[in-house]
Structure formats: C-alpha cells, structure tokens
Amino acid sequence: MKNKLRVAAYARVSTEKDDQANSLASQKNYFADYIGRQSGMELSNVYFDEGISGTQTRKRSGFNQMIQDALNGNFNLILTKEVSRFARNTVDTLFYTRELKKAGVGVIFTIDHIDTRQSDGELRLTIMASLAQEESRKTSERVKWGQQRRMEQGVVFGRDLLGYRVKDGVLSVNPEEVPVIKAIFHKYTNEGKGTHVIARELTEEGYRPKRNSRWSASVILRILRNEKYVGDLCQKKTFTPDYLTHKKKYNRGEEEKIFIKGHHEAIIDRDLWNRTQAELKGRSPSAARKSRHSSRYWCSGKICCGECGSKFVSRTKKQQTSTYKAWRCYQTANHGMLKMDAEGKMTGCHNNSINEKALLACMKYCVSLVCQNREQLHKEILSSIQSVCGEQVTAIDEGRIRQKIGTIEEKKRKSIDAMLEGILTKEDLKKQKEWYDNEVSRLQTLLTENGKNNRQYSKKQETVELEKTLDEILCFHGDNEMLYREILEKIVVYREFERGCCRLVVWFKSLPFGIRLKIRSMGKGNEYHTEILECEFVS
C-alpha cells in the first residue's frame, strides 16, 4: 500500500467578530470533509489565523508556521479554499507558492480550482491573485471613503485619552482625570514651569499618565498641543499610504486633515488654550536657532571623511595663550581609532584631524586658483542669487495651487466610484460634485490672477547692488568665511601617514572639477603655518 499524501490545510478570517469565528469553524469542517472524500490523503495539521488581514504575511503566525513546517518537509500538500484566503497580495502569493514548489510542496485552492503542481497553475494563480489584490484595494478605498464622511460628520476615530473617553465615536469628559489636565496647563502657562519640571512634579504628586509608564517632557508637550482639550477636533493626523503594508505615517500635508471647532465639551477654556499655544511658540527655538549649530561655522557639515564617509565635527581646546580649533572625523571623535568591538563590528576611524587654520589656508589658495577667471565666477554667483530672488517664489505658489486642483479632481473620480458601489447616493454625489466644481473654479481664478499680478522686481537696481557687493567680496582681503560658506560644496579629507601632512580635495559649487591638495602644517598659535606641497585638478 502506497504511503498516503500528508496534507495541511490553511484557513483565515479577516475579523474577529462572532459570525466570522463561525466561518473559521466552518472552514475547518470543510477541509476535514474534503480530505475524507479523497483517497490517499491524510490530514497532517490545520493552520489558521483570526482577525489578521490577508494583504501582508508578517503578522500571520499561523501562515508563517505553516510555511516553515512545509519547508521542513512535514507535509507534501497545502489546501486552502480561495486565493484570497491564502493572501490578497499578488507578490506574496506568487513568492510563497514558488518557494513551496521548490521544496516539493503544492498548493490547491479548492474553490478556485487551481493546483500549483499543474503546468498552468501559476498562470491561473497570477490572475486570481491579482483579482484578490484589486478587491482588497477597492475594499480599502471604500473603508477610507466611509471613514472620511463619518469624520466630517463629527464621529471620533481613536481611543481613550487622558481626560476623555471615546465610545461609539463620541468623546465624553472623564471627570476623574480633568484635574491632571488643568494642572498641566496651569503649571506651564500661568506658573511658567518647564515640561521636565511638570513631569517630575506630577510623578511626585502621585498622578499617572494614561498609557505611558511614566511622565516625560514629550508626554506633557503632546497634551499641551492637543486641540481636543479646548473642545476642537482634528482627525487624519496619520494616514495609511499603502493598503498592502498598513503602515501609518504622520500626515504632513499629503492628505487633507478634518478640523471641527467646538466639537465637544472642553476641559480648558479658549483663553488659556490660546495663551498656552503662544507660550509654546515663544519657548520653542526658532528656525534660525535650530540651525545655528548645524551651520555654526563656514564649513559645518561640509567636511567629509575620505576613509569612512562620516562628517567631520569641530573640536576646540582652550590653551594658555590661544585657542586650538580643529576638525575631526565623527567616528574617531566618538569611538577612537579603527578597531573591532566585542560583537565583531568595526568601530572608529583612523583618519587624521585637520586644523582650522590649515583649512582656511587651503580655501584661500583654492579660491585664488579658481578666481583667475574672476569674471566667470562673478556671473555664476550673480545668476544664482537672481534665480533664488526671482521666479522661484511664483513657481512654488502655482505648484501648490495646481496640486490642490489635482487632489480635488481625484476626489471627484472617487465620488463617482463610491456612488457606483452604493456608498454614496446620487443626490449626495450631485451636491459633492457641485462643491468640488466651485472649489476648482475658485482655484483656477486664483491661478489666473496669480499669473497676471505676478510681483515685478526692480531687477536693474538689485543687479547694481549685488554686483557692488560681489566686487567687495571678490577682492579676497584675508580669509573671507562668508564667501567660503556660499561657494564651498564639500571638502573630503583622506588619511596621510607622513607626520604633519594631510591630503584633501576641495569641491566648489557649480564647478565640474575639484582641487586635490597635499599640505604640511607646523607651528602653534600665531606661528602656525601651512605649506602647499602638491596641487592638481580632479574631475
């Protein structure tokens, strides 16, 4: 008697509702009956997943265990009812069935009548898997459309938060947690305390955060910036760009947020809220302050290590009569010389440091070489400045308007799809379309007026002033760090074994070549001197 074919079965339901749980039990019974009617088959195991989407396999423990057991040779055949039960992602479906086929394991989709062991199995599977994926996409679009309409109606999507309960899409105040919220706003705005201090005091006072294990400055900031505490509602702060991966992203303008003012009962009055937001803005560092350290020096972020690729960082030492300032590879500065750590990974870097005065000497020398053609450099810099000050602003504004029009047109198309699929009535579609058409008309008018009333710059006067400034800069009296900051693209520093020497390549913006130098530096303080040993142009 021949050995029976060892068979495994796979079942999946996409939600954990009771009726779907019954569907899972029905699937198990179905496979037991199916195998019982076949000769030469014996059931090895039934694998299943509950409440897991079929568009991705990463979180499907039952599915992954089945694949691993199949590759280990535990059975020879897998049964599943439909392609959509196996996976709704075409790529996953084909990948796993091919891997299983390599291991000598076939897959039968009983309702779809597909057997991957047959010659036309993969072709038919590709078609069915594509249909399953497309159905998943449509389902995702329908769900998103329905959620958007409900959000616009004021239905709350989310979970409980400190101070509020969320039940059946309705926000209600949790009286027990209101004192904590009021204390946070009062401490920050009225008492002028910082977020770290508030977090410490709340811990000492015995309060506990909603979900976090402890209070922190970031937790306090999230509360102070949450519009729900003043009674407003902002939804779609995150969105899911890919229905296959289900990964959420912060919405930074990719999709339109839904904001409803005065949506629910407030915990914080409007005056305190406004004062708090003003205080947050006043205490937060400005863009200039944020970038102060990233562009603190003329070459900040522009010196690269030719050995490991890291950036060079500034290191300053105070000496008795002077200050020693040098630039060093980040890896060397933080991990020392190149070595292998306990885990077998290489850390650190063996590149040399370079003195600030040596860098300035190299820049002065390179600029003097380049500016033998001073007129050409003059024209390139002037052209770059004019392009930044001129048409670029209008182009950005028009781009945003056109992007908005494109978004509305896409929404119109989706509205029609929603009507065809029964999500939207014809009357609702008519109203929605009228609003979209009016909005497009308004934006088109704005676009036309923007073209007619484009700001006219007094280019002649600006050109005269810019040329005068450039003439002053290009005189090169001493080290001109302001000029170096503008024209320098990057400096790549390489290791040099000869004591006191260094090799580097200087690259300027808009120039198709770099300047390779070998230098020798010596001396201290005011006696520091840099000598150019070698120089050549590189492409």
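## Buried cysteines without a disulfide

A residue counts as buried when its relative accessible area is under 20%, and Cys366, at 0% relative accessibility, is therefore buried. This is a predicted model, and the values that follow are computed from it. Cys329 also has a relative accessibility of 0% and so counts as buried.

How many disulfides does the structure hold? The structure holds zero. A disulfide is a covalent bond between the sulfur atoms of two cysteines, and a pair of sulfur atoms has to lie within 2.5 Å to be counted as one. The sulfur of Cys329 has its closest cysteine sulfur in Cys308, at 3.5 Å, which is too far for a bond. For Cys366, the closest cysteine sulfur belongs to Cys362 and lies 6.3 Å away, so this pair is also too far apart for a bond.

## A sheet of three strands

Strands of a sheet pair through backbone hydrogen bonds, either parallel or antiparallel. Here, three strands in the order β13-β14-β17 form an open sheet with antiparallel pairing. The edge strands, each of which pairs on one side only, are β13, covering residues 312-318, and β17, covering residues 354-355.

Strand β14, made up of residues 323-329, runs antiparallel to β17 and is joined to it by two bridges. Within this pairing, Trp327 has Ile354 of β17 as its bridge partner.

## The second largest pocket

Rolling a probe the size of a water molecule over the atoms shows where empty space is left. The second largest pocket has a volume of about 890 Å³, and it is lined by 35 residues, of which Tyr324, Ala326, Ser353, Ile354 and Asn355 are the closest to its centre. Ile354, the bridge partner of Trp327, is thus one of the residues closest to the centre of this pocket.

The elements that give two or more residues to the lining are β13, β14, β17, α12 (356-370), β19 (501-508) and β20 (514-522). Which of the elements gives the most to the lining? That element is β14, with six residues. By residue class, the lining of this pocket divides into eleven nonpolar, 13 polar and eleven charged residues.

## Salt bridges

A search of the whole structure finds 20 salt bridges. One of them is formed by the side chains of Lys210 and Glu177, with a distance of 3.0 Å from N to O. This pair links distant parts of the chain, 33 residues apart, with Lys210 in the loop between α7 (195-204) and α8 (217-224) and Glu177 in the loop between β7 (170-173) and α6 (178-190). Lys210 counts as partly exposed at 33% relative accessibility, whereas Glu177 is buried, with a relative accessible area of 15%.

Another salt bridge, at 3.7 Å from N to O, joins the side chains of Arg200 and Glu204. Because these residues are four apart in helix α7, Arg200 and Glu204 are separated by about one helical turn. Arg200 is partly exposed at 45% relative accessibility, while Glu204 is exposed, with a relative accessible area of 60%. The side chains of Glu534 and Arg503 also meet in a salt bridge, at 3.4 Å from N to O, and this pair links Glu534 in strand β21 (residues 529-538) with Arg503 in strand β19, 31 residues apart along the chain. Glu534 counts as partly exposed at 40% relative accessibility, and Arg503 counts as partly exposed at 27%. In addition, salt bridges that share partners join Lys187, Glu191, Lys193, Glu201 and Glu205 into one network.

Methods: Residues are numbered from 1 along each chain as its sequence is written. This is a predicted model: local features need pLDDT of at least 70, side-chain atom pairs count only at pLDDT 80 or more; totals for chains, interfaces and linings use all residues. Side-chain values use heavy atoms; hydrogens and water are left out. Two strands pair if DSSP finds at least two bridges between them. On a 1 Å grid over the protein atoms alone, a cavity is a set of points where a 1.4 Å probe fits but cannot get out, and a pocket is an open set with protein on both sides within 12 Å along at least five of seven lines; lining residues have an atom within 4 Å of a point. Grid points are joined across faces, edges and corners, and a volume is the space filled by probe spheres set on the points. Ala, Val, Leu, Ile, Met, Phe, Trp, Tyr, Cys and Pro count as nonpolar, Asp, Glu, Lys and Arg as charged, and the others, Gly among them, as polar. Buried means under 20% relative accessible area, exposed over 50%, partly exposed in between (1.4 Å probe, protein chains only). A salt bridge is a side-chain nitrogen of Lys or Arg within 4 Å of a carboxyl oxygen of Asp or Glu.
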